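Here are some notes to read alongside the model, for someone coming to it fresh. Have the viewer open and follow the points in order.

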Amino acid sequence: MTARTVLTIAALTLQEAARRRVLRSLAVLTVVLLGLSAWGFSRIDSEFGGMTSGEAKLTAALVLNLVMFGLSLIAALGTAFLAGPTMAGETESGIALAVLARPVRRWAVVLGKWLGLVAFGSGFVVVAGLAQLLIVQTTTGYWPPDPVTGLALLAGQAAVLLTLGLLLSTAVSPMASGIVAVGLFGSTWIAGVVGGVGRALNNESVERVGTVSRMLLPTDGLWRGAMNSFQDPTLLTQFSEAFKGTRS
């Protein structure tokens, strides 16, 4: 009975998310990003004056990571502001009180909403990410070495942000929970960049900043894992060989 209740609440949460304006904003931003990336990838060869096959693959792999970061940022903004109203909004409107007055356990309500939001956020990331990968393959011929792992890690990042937003929404207003979640996402990413600089300079104290930030909020670590999955290591480890081959 409890499992059925959780699944019912998850389904209702999915329906509610599909009706929100956030979904339309996500769709518009995603379509714009995919359209711009399709145009940009199709222009890579012509703009750089005829590259070798190795050069084209290396450029496509690097630009793909940049575009995927843009996609993850859109997902972060959307999922954070989608999770916020789920609990706080229903508490303020009194809907949560009406539901909890019934013989429904509180943890079942929270778990059901969490499952629904995770399904929504993960589904969005996987569909949009797969569309982006197909665009890259069609325009440049590049296909990442481990796309399944990369998309799974991006979906995990969305799940972490949804969980954070949902937890924050139980204590603060919907708008505040979204702002705090996005702020922490950006702060963690910046800390990861700082840690990377410290690693490059062999400065353990600075490098520790990135390590600690990933322990507090693993979004940056998940993103870096996804970036490695989308990047063919042979293009960098064998840099000179990657630039050999016929003209594309």
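In what handedness of crossing does α8 pass α10? Point 1 has the answer, and the other points go on from there. Keep in mind that this is a predicted model.

1. **The α8 and α10 crossing.** α8 passes α10 in a right-handed crossing. Two packed helices are described by the angle between their axes and the distance between the axes. Here the axes of α8 and helix α10, the latter made of residues 219-230, come within 8 Å and cross at roughly 60 degrees. That angle is why α8 counts as oblique to α10, since the roughly perpendicular range runs from 65 to 115 degrees.

2. **The overall layout.** Stepping back, the chain has twelve helices and zero strands. Reading along the sequence, you just meet α again and again: α-α-α-α-α-α-α-α-α-α-α-α. The chain has 248 residues, and 41% of them count as buried.

3. **A nonpolar patch on the surface.** Now colour W189, I190, V193, V194, V197, L201 and V209: they form a nonpolar patch on the surface. Together these residues have about 570 Å² of accessible area. Which helix gives the patch its largest share? That is helix α8, residues 174-200, with five residues.

4. **V194 within the patch.** V194 is a handy residue to click on, and it is found in helix α8. Its relative accessible area is 31%, so V194 is partly exposed. Patch residues need over 30% relative accessible area, and V194 has 31%.

5. **An unusual backbone angle.** Next, have a look at N202, which is in the loop between α8 and α9, the latter spanning 204-216. Most residues other than glycine have a negative phi. N202 is not a glycine, yet its phi is positive, at about 60 degrees. Is N202 buried or exposed? With a relative accessibility of 69%, N202 counts as exposed, because the cut-off for exposed is over 50%.

6. **The salt bridge.** How many salt bridges does the structure hold? One. The side chains of D220 and R224 meet in a salt bridge, with 2.8 Å from N to O. Why are D220 and R224 separated by about one helical turn? Because they sit four residues apart in helix α10.

7. **How covered the two partners are.** D220 has a relative accessibility of 2%, so it counts as buried. R224, at 22%, counts as partly exposed, because buried means under 20%. In other words, a buried D220 is paired in the salt bridge with a partly exposed R224.

8. **Two residues of α7.** Finally, turn to helix α7, residues 147-169, where Q157 is found. Q157 has a relative accessible area of 3%, so it is buried. Although Q157 and A226 are 69 residues apart along the chain, their C-alpha atoms are separated by 9.7 Å. L167 also has its place in helix α7. L167 is exposed, with a relative accessible area of 58%. Its C-alpha atom and that of S177 are separated by 8.4 Å, and the two residues are ten apart along the chain.

Definitions and conventions. Residues are numbered from 1 along each chain as its sequence is written. This is a predicted model: local features need pLDDT of at least 70, side-chain atom pairs count only at pLDDT 80 or more; totals for chains, interfaces and linings use all residues. Side-chain values use heavy atoms; hydrogens and water are left out. Patches are made of residues with over 30% relative accessible area and no salt bridge: like charges are joined within 9 Å, nonpolar side chains (Val, Leu, Ile, Met, Phe, Trp, Tyr) within 5 Å. Accessible areas come from the Shrake-Rupley method with a 1.4 Å probe; for residues, only the protein chains shown count as cover. A salt bridge is a side-chain nitrogen of Lys or Arg within 4 Å of a carboxyl oxygen of Asp or Glu. Buried means under 20% relative accessible area, exposed over 50%, partly exposed in between (1.4 Å probe, protein chains only). Axes are lines fitted to C-alpha atoms, for helices over the stretch in contact, and angles run from 0 to 180 degrees between N-to-C directions. Angles under 35 degrees count as roughly parallel, over 145 as roughly antiparallel, 65 to 115 as roughly perpendicular and the rest as oblique. A crossing is left-handed if the near helix is turned anticlockwise from the far one by less than a right angle, and right-handed if clockwise.
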